[in-house]
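This briefing covers two topics, charged side-chain pairs and one helix. Please look over the sequence and the model before reading the points below.

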Amino acid sequence: METDKNSQKNIVRAYQRYLKLQRGYSSNTLDAYVRDLEKLLVYLEQEGKHVLDVQLEDLQHFAAGLHDIGVNARSQCRVLSGVRSFYRFLHIDGYRDDDPTELLESPVLGEHLPEVLSATEVDMLEASVDVSKWEGHRNRAIIEVLFSCGLRVSELVNLRFSDLYLKERYIRVMGKGSKERLVPISQRAIQELDNWFASRRQMAIKPGEEDYVFLNRRGAHLTRTMILIMIKRQAEAAGITKTISPHTLRHSFATALLEGGADLRAIQAMLGHEHIGTTEIYTHIDMTTLRQQILEHHPRNMKNRKE
């Protein structure tokens with residue numbers, strides 16, 4: 001007989017508390033984990049299985065089902081990563097004596113290199129902003145801060161005046177898992193911020209929103225979606241045909257540092273990556289660029305082109 005503690009609903013609630021309190025995940029990350037877990041719960045309900053009775057074979061069938069309904073390999077990996085997290089929690093917290101995900105395999109992904117912008121393309125993006133509009137200087141400052149500091153868009157929308165140390169030329173960023181890091185800020189980004197602050201001082205700001213750096217026209221802090229829409233519109237206005245998002249500017253920041261000779265550990269610290277393996281994707285980008293330069297400029301290749 002199922003005890004109250006072992007009811008599926010209470011187990012899921014305990015898992016949510018674990019993610020929030022012990023893992024320190026943000027509300028957005030927490031929601032993503034719960035959404036992925038719900039896919040498994042729906043499957044288990046259809047199969048008449050309780051989460052505590054699941055075996056490896058059940059999870060393999062679940063994974064195969066994701067493929068059958070057209071979920072792409074990358075999304076399958078994300079869902080299965082969430083399932084592993086859930087069963088690790090059940091094992092650690094004593095709900096189960098084993099972890100059935102230990103031998104659960106994920107689909108093999110091909111190498112995916114994120115799109116990046118050159119400094120010239122970032123300049124084009126900023127030049128496309130109409131600064132005669134009230135939000136013009138704000139949008140230029142957003143683009144420059146994303147590129148100069150390598151922030152996640154969630155970190156940018158939550159940036160506060162109390163996080164700015166512009167005289168000392170750095171900002172304080174609260175990253176994933178409430179982990180704080182200090183990031184240098186360029187003089188150009190500071191200038192764009194100063195231009196925005198001059199416009200911002202003319203605004204009526206909602207009570208409680210005064211400390212947020214970036215605001216919408218109603219005087220409230222921005223959302224991630226607002227910034228995504230703005231970046232895509234500016235890319236179109238600038239004639240940039242690459243598919244970009246706010247995260248592209250973070251990738252571009254990291255790639256520019258690596259090409260400039262920065263140490264990978266320093267880039268890891270600037271980006272707030274927990275594991276160096278996450279940062280290593282930028283070495284692949286750098287090697288792709290290097291290969292293209294060799295093909296274009298090596299004397300043997302230049303000779304072949306002339307022939």
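At 38% relative accessibility, arginine 188 counts as partly exposed. Aspartate 123 falls in that class as well, at 35%. The model is a predicted one. Twelve salt bridges are found in the structure, and arginine 188 and aspartate 123 form one of them, with N to O at 3.0 Å.

**Salt bridges between distant parts of the chain**

- The bridge between arginine 188 and aspartate 123 links distant parts of the chain, since arginine 188 sits in helix 8 (residues 187-200) and aspartate 123 in helix 5 (residues 119-127), 65 residues apart.
- Glutamate 192 forms a salt bridge with arginine 140, and their closest N and O atoms are 2.9 Å apart.
- This pair too links distant parts of the chain: glutamate 192 belongs to helix 8 and arginine 140 to helix 6 (residues 136-149), with their positions 52 residues apart.
- Both glutamate 192 and arginine 140 are buried.
- One network, joined by salt bridges that share partners, takes in Asp123, Glu126, Glu144 and Arg188.

**A salt bridge within helix 2**

- Lysine 39 and aspartate 36 meet through their side chains in a salt bridge of 3.8 Å, N to O.
- Both residues lie in helix 2 (residues 27-47), three residues apart, which is about one turn of the helix.
- In an α-helix there are 3.6 residues a turn, so residues three or four places apart point the same way.
- Lysine 39 is partly exposed, with a relative accessible area of 37%, whereas aspartate 36 is buried, with a relative accessible area of 5%.

**Helix 3 and its two sides**

- Helix 3 (residues 56-68) consists of 13 residues and spans 18 Å from first to last C-alpha, close to the 18 Å expected at 1.5 Å a residue.
- Which residues of helix 3 are buried? They are Asp58, Leu59, Phe62, Ala63 and Leu66.
- Seen down the axis of helix 3, these buried residues fall within an arc of 140°, so they line one face of the helix.
- The buried residues of helix 3 pack against helix 2 and helix 4 (73-92).
- On the face of helix 3 turned away from its buried side are the exposed residues Glu57, His67 and Asp68.
- Glycine 70, just after helix 3, has a positive phi of about 90°.

Technical notes. Residues numbered from 1 in each chain as written. Predicted model: local features only at pLDDT ≥ 70, side-chain atom pairs only at ≥ 80, totals over all residues. Heavy atoms only, no water. Salt bridge = Lys/Arg side-chain N within 4 Å of Asp/Glu carboxyl O. Helix = DSSP H or I, 4+ residues; strand = E, 2+ residues; numbered from the N terminus. Buried < 20%, exposed > 50% of the residue type's maximum accessible area, 1.4 Å probe, protein only. Expected span 1.5 Å × (residues − 1). Arc of directions from axis to C-beta. Contact = heavy atoms within 4.5 Å.
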